[in-house]
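Me: I should like to go through this structure and ask, for each label, what justifies it. Please set each value against its definition.

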Amino acid sequence: STGEFFTNKVDNFNEFLSEISRLSPSECIIPESLQVNTELVKQIKKSCYLNTLEDYYFKTEKAREVLLQHFQLRTLDSFGLEDKPLNLAVSGALLKYFIDTQKNNLSHLKKISLQSSRNRMLLDSSTLRNLELIRNIKDGSSKSTLLSVLDKTVTAMGSRLLKKWIKEPLLNKEILNKRLDAIAELNKSVINREELIGLLEGVYDLERLISRINYGNASPRDLLALKISLLQIPLIKEKLSPAGLLGEIKNISNMHDVVNLIEDSVKEEAPITIREGGIIKSGYHAELDSLRDIKSNSKKFLQEIEERERKKTGIQKLKIGYTRVFGYFIEVTKRNLSLVPSSYIRKQTTANAERYITEELKLEEEKILGAEEKITELEYQLFQDLIMKISLETTSIQEAALRLAVLDVICSLAKVAMNNGYTKPKFVDENVIQLAKSRHPVVERLEERFIANDIFVDSGEMMIITGANMSGKSTLQRQVALIVLMAQIGSYVPCADAVLGVVDRIFTRVGAQDDLSSGQSTFMVEMNETASILHNATAN
């Protein structure tokens, strides 16, 4: 629905399960022959719907053919897929599945991104759950999660992107420092930052809008929402500095052509539906204006006929009416039936009146209804033409959507950092965790008095923490993990000072439960999770 299409390759089954947990897909497609792998099928079905596709479509040559045809390319080199047969095969098969099931235009799928687990921190399902990043353990909602603390985004795109960042912390210090510098820049001028947030509030969900436009199910109001959103771009750009990440965002195209096209064509009070007319402005299309003139002049002519027939018959309450079933008619109350001329042709009888038609009225009706029908059909065609023209700008609109989403997230992180007294973390090459007066980002929002902790772990060191139940061991453990994770999405952190080496993985094992479905006791679950940590932990 947003046009995002990416492919990734993982090294083992556990890593695959971690990806499924991180992505939370609605549906998973596998080759028919993999149905025999009961463990794979069982694990996937725990998370989402499972469907199959013939193995034939997963063959590299068939997949390449599907991809080349869709993207209208001669080679897949631009996506980096030609030397990655597995990524190519699943991408082609997935696209084939969409073509078969959607029965619609997929032109908003403009590219495939080649992702790698090597450039982001790995978070397994246990860690995602225990750290309560997006959902809490208690009821599965976002209440009392890291997301609930950091999410002050004002656009749907920004909200989606923040969730993605939280689930995909980065290992690239350069990108992280760009994000941190952008937060610092925004917090230099709170007024400017709040004005940017105010402008972003006027931006609708561009990713979903352009998808609907390409799908052919956009309404006139969707085009108006697109215009309103794009009008914010020049105003936003005025408030951005030209350097760093904010400078990259500032490079968005203003897309004046799209704005002007919608401004010239679509009425501000356009309806939701596209089959009833009332969409296109006067002055946009000569033939449409001409048909509208016929329609409005005919209405005046009907008034003249009504006035003339009153005088001719002497029936002062005579009136011309219209229904969809019977068309136009002259209505005479039963009291005045003796005055009806013989040239009137009876059309319908009601409780209090008779309805008639004349040759003159019949001719005028044909002219009016003919014009109305042509107006509705022409407006529909003009709207489809608008959709086609705007869809040519899909890539530019998707690019704008991504940059505005990044700005929304950075503004959100900046606001939270200032309001909650966070500090800018410093990244170093050594494997260290040095946190002065660190706090738990979620618990400190819930407790009036939170006691800050100093944590200093140098390269090669480890820390064992003991204490009574309810003394705060788990809170401290989660706190350190969350601070490291926050730093590696490019956020400020709840500390007086933070110096960190880049971490490639976070493991947690907090509070196990009996896994009765697979016959494992609490102790066995604990041992398996601990063994997994020992097997998969790296030097970083």
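Me: What makes glutamate 444 and arginine 439 count as buried or exposed?

Reply: Both glutamate 444 and arginine 439 are buried. A residue is called buried under 20% relative accessible area, exposed over 50% and partly exposed in between, with a 1.4 Å probe and protein chains only. The model is a predicted one, in which local features need pLDDT of at least 70 and side-chain atom pairs count only at pLDDT 80 or more, while totals for chains, interfaces and linings use all residues. Residues are numbered from 1 along each chain as its sequence is written, and side-chain values use heavy atoms, with hydrogens and water left out.

Me: Why is the contact of glutamate 444 with arginine 439 called a salt bridge?

Reply: The term requires a side-chain nitrogen of Lys or Arg within 4 Å of a carboxyl oxygen of Asp or Glu. In this pair the closest N and O atoms are 2.7 Å apart, so the criterion is met. In general, side chains of opposite charge can pair when their charged atoms come close. Over the whole structure, the search finds 39 salt bridges.

Me: What do arginine 120 and glutamate 19 tie together?

Reply: Their side chains meet in a salt bridge, 2.7 Å from N to O. Arginine 120 is in the loop between strand E4 (113-114) and helix H5 (125-130), whereas glutamate 19 is in helix H1 (residues 13-23), so the pair ties together parts 101 residues apart in sequence. Helices (H or I, at least four residues) and strands (E, at least two) are DSSP runs, numbered from the N terminus. Arginine 120 and glutamate 19 are both buried.

Me: How do you know that glutamate 168 and arginine 22 are buried or exposed?

Reply: Glutamate 168 has a relative accessible area of 14% and is therefore buried. Arginine 22, at 4%, is likewise buried. These two residues form a salt bridge, with their closest N and O atoms 2.3 Å apart. Glutamate 168 lies in the loop between helix H7 (156-167) and helix H8 (173-188) and arginine 22 in helix H1, so the pair joins parts 146 residues apart in sequence. Glu19, Arg22, Arg120 and Glu168 are linked in a network of salt bridges.

Me: What makes the space lined by Ser18, Glu19 and Arg22, among others, a cavity?

Reply: On a 1 Å grid over the protein atoms alone, a cavity is a set of points where a 1.4 Å probe fits but cannot get out; a pocket is an open set with protein on both sides within 12 Å along at least five of seven lines; lining residues have an atom within 4 Å of a point. The search of the whole structure finds one cavity of 30 Å³ or more. The largest cavity has a volume of about 30 Å³, where volume is the space filled by probe spheres set on the points, joined across faces, edges and corners. Its lining also includes Arg120, Met121, Leu122 and Leu123.

Me: Which classes of residue line the second largest pocket?

Reply: The lining divides into 21 nonpolar, eleven polar and six charged residues. Ala, Val, Leu, Ile, Met, Phe, Trp, Tyr, Cys and Pro count as nonpolar, Asp, Glu, Lys and Arg as charged, and the others, Gly among them, as polar. The second largest pocket holds about 1,500 Å³ of space. Of its 38 lining residues, Ile433, Met462, Met463, Gln477 and Phe507 are the closest to its centre. Helix H18 gives the most to this lining, with seven residues.

Me: How do you know that strands E2 and E3 pair?

Reply: Strands pair if DSSP finds at least two bridges between them. Five bridges join E2 to strand E3 (residues 49-53), and the two run parallel, so the condition is satisfied. Isoleucine 30 stands opposite threonine 52 in E3. Strand E2 (residues 27-31) is mostly covered, with four of its five residues buried.

Me: What is notable about phi in methionine 255?

Reply: Methionine 255 has a positive phi of about 50 degrees although it is not a glycine. Most residues other than glycine have a negative phi. Methionine 255 is in the loop between helix H12 (244-250) and helix H13 (256-265). Its relative accessible area is 6%, so methionine 255 is buried.
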